[in-house]
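I opened this entry to keep track of what I looked up, working from helix packing through to single residues.

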Amino acid sequence: MRLRNYAPALLKPFNDELTRKFLFALLFVDAVLLAIFITYNVLGLNHGDGLIAEQFWRFDIGLDLSFSENFGFFKWTAIMVFMLASFLKKPNAMSVFIFAVFAILLADDSKQLHEHAGRFLRERVFGQVIADPHAAQTIGELVYFAGQGVVVVALLWLAYRFGSPEQRLYVLRFSASIFGLIICGVGFDAIHSVFEGAPLSWLLGLIEDGGEIVFASIACGYGFSYLLAQFQSAEVSHA
């Protein structure tokens, strides 16, 4: 596919009204959570001992147990459900491979696998040669992400290889959203870790975690669109 035709292909699923409403619903929740996070930081509501400050952890988009993180778990799970339902409706290899991709992302997010792997590599490998434990942890996590990336890319390639022309478009769409996740979750995470604790470092956290939140919603929208396409094609074939 030529580059100039790629952007319309990415947006095409959202021409469907139901898919567009589903995506907008996800983005609306994202916007509310991000607005609360920004309000906390701009107004300094996350400091102090009051009730409002004590509740900040629920809205801190960088924490593993926050509302936004749990909403992310919902999105990954929803995509897996969409792929499972698509497979049951019309068995195909693409649904299996995409299911596996997001199962990996869900496992990593919900179990903090990259953090555990980074800690293991820091203690067993990088801690012996790098004096700064924070830097050793970051490098360890990057090594884990590299390995995970190889697996994810292989699964996406298999989904593309065994997919129909229309399914290959969806593989490219999922790949684009995952690439956005990588840019925010790995690239900006590395930058953010360098400036952790610096004034306004939360802005880097906003780009990192906020970007992940939005790209996850887009991926979920693609999953919903793909499921819808399976049922719509079935209706056409029986018409």
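**Helix α6 and its neighbours**

I began with α6 and α8, which are roughly antiparallel to each other. The model is a predicted one, and I read every value below with that in mind. For this pair I noted a packing angle of about 165°, with the axes 8 Å apart; since angles over 145 degrees count as roughly antiparallel, the description follows from the angle. The crossing of α6 and α8 is left-handed.

I then listed which residues make this contact: from α6 they are M94, F97, I98, A100, V101, I104, L105 and D108, and these meet Y144, F145, Q148, V151, V152, L155, L156, L158 and A159 of α8. Sorted by class, the residues of this contact come to 15 nonpolar, one polar and one charged.

Next I turned to α5, residues 67–89, whose axis comes within 9 Å of that of α6 and crosses at roughly 160°. The two helices, α5 and α6, are therefore roughly antiparallel to each other as well, and α5 passes α6 in a left-handed crossing. On the α5 side I found E69, F73, W76, T77, I79, M80, M83, S86 and F87, which meet S95, V96, I98, F99, F102, A103, L105, L106, D109 and S110 in α6. By class I recorded 13 nonpolar, four polar and two charged residues for the contact of α5 with α6.

I98 and L105 of α6 appear in the contact with α5 and again in the contact with α8.

**From α6 into α7**

I followed the chain into the loop between α6 (93–111) and α7, where Q112 lies. Q112 has a positive phi of about 50° although it is not a glycine. I noted this since most residues other than glycine have a negative phi. Is Q112 buried or exposed? With a relative accessibility of 17%, Q112 counts as buried.

Beyond the loop, helix α7 (residues 113–124) packs on helix α8 (residues 133–161) at an angle of about 120°, their axes being 7 Å apart. That angle makes α7 oblique to α8, and α7 passes α8 in a right-handed crossing. The contact draws on L113, H114, E115, A117, G118, R119, L121 and R122 of α7, and on P133, A136, Q137, G140, E141, V143, Y144 and F145 of α8. I counted it by class as eight nonpolar, four polar and four charged residues.

Y144 and F145 of α8 are named in this contact with α7 and also in the contact with α6.

**Salt bridges**

How many salt bridges does the structure hold? It holds four, and I wrote up three pairs. Side chains of opposite charge can pair when their charged atoms come close.

E17 forms a salt bridge with K21, with 3.2 Å between the closest N and O atoms. Both residues belong to helix α2 (residues 17–43), and being four residues apart there they are separated by about one helical turn. E17 is partly exposed at 47% relative accessibility, while K21 counts as exposed at 52%.

R122, already listed in the contact of α7 with α8, forms a salt bridge with E123, the closest N and O atoms being 3.5 Å apart. I found R122 partly exposed, with a relative accessible area of 23%, and E123 also partly exposed, at 45% relative accessibility.

The side chains of R173 and E166 meet in a salt bridge with an N to O distance of 3.9 Å. Here R173 is buried, with a relative accessible area of 2%, whereas E166 counts as partly exposed at 39%.

**Two single residues**

I looked up S175 in helix α9 (residues 165–194), where S175 is partly exposed with a relative accessible area of 23%. The C-alpha atoms of S175 and L156 are separated by 7.2 Å, with the two residues 19 residues apart along the chain; L156 is one of the α8 residues that meet α6.

Last I took D209 in helix α10 (residues 201–237), which is buried, with a relative accessible area of 14%. Which residues does D209 contact, leaving aside its neighbours within four places in sequence? I61 and G62 are in contact with D209. From D209 to V125 the C-alpha distance is 28 Å, the two being 84 residues apart in sequence.

Note on methods: Residues numbered from 1 in each chain as written. Predicted model: local features only at pLDDT ≥ 70, side-chain atom pairs only at ≥ 80, totals over all residues. Heavy atoms only, no water. Axes fitted to C-alpha atoms, helices over the stretch in contact; angles between N-to-C directions. Parallel < 35°, antiparallel > 145°, perpendicular 65-115°, else oblique. Left-handed = near helix turned anticlockwise from the far one by under 90°. Contact = heavy atoms within 4.5 Å. Nonpolar A, V, L, I, M, F, W, Y, C, P; charged D, E, K, R; others polar. Buried < 20%, exposed > 50% of the residue type's maximum accessible area, 1.4 Å probe, protein only.
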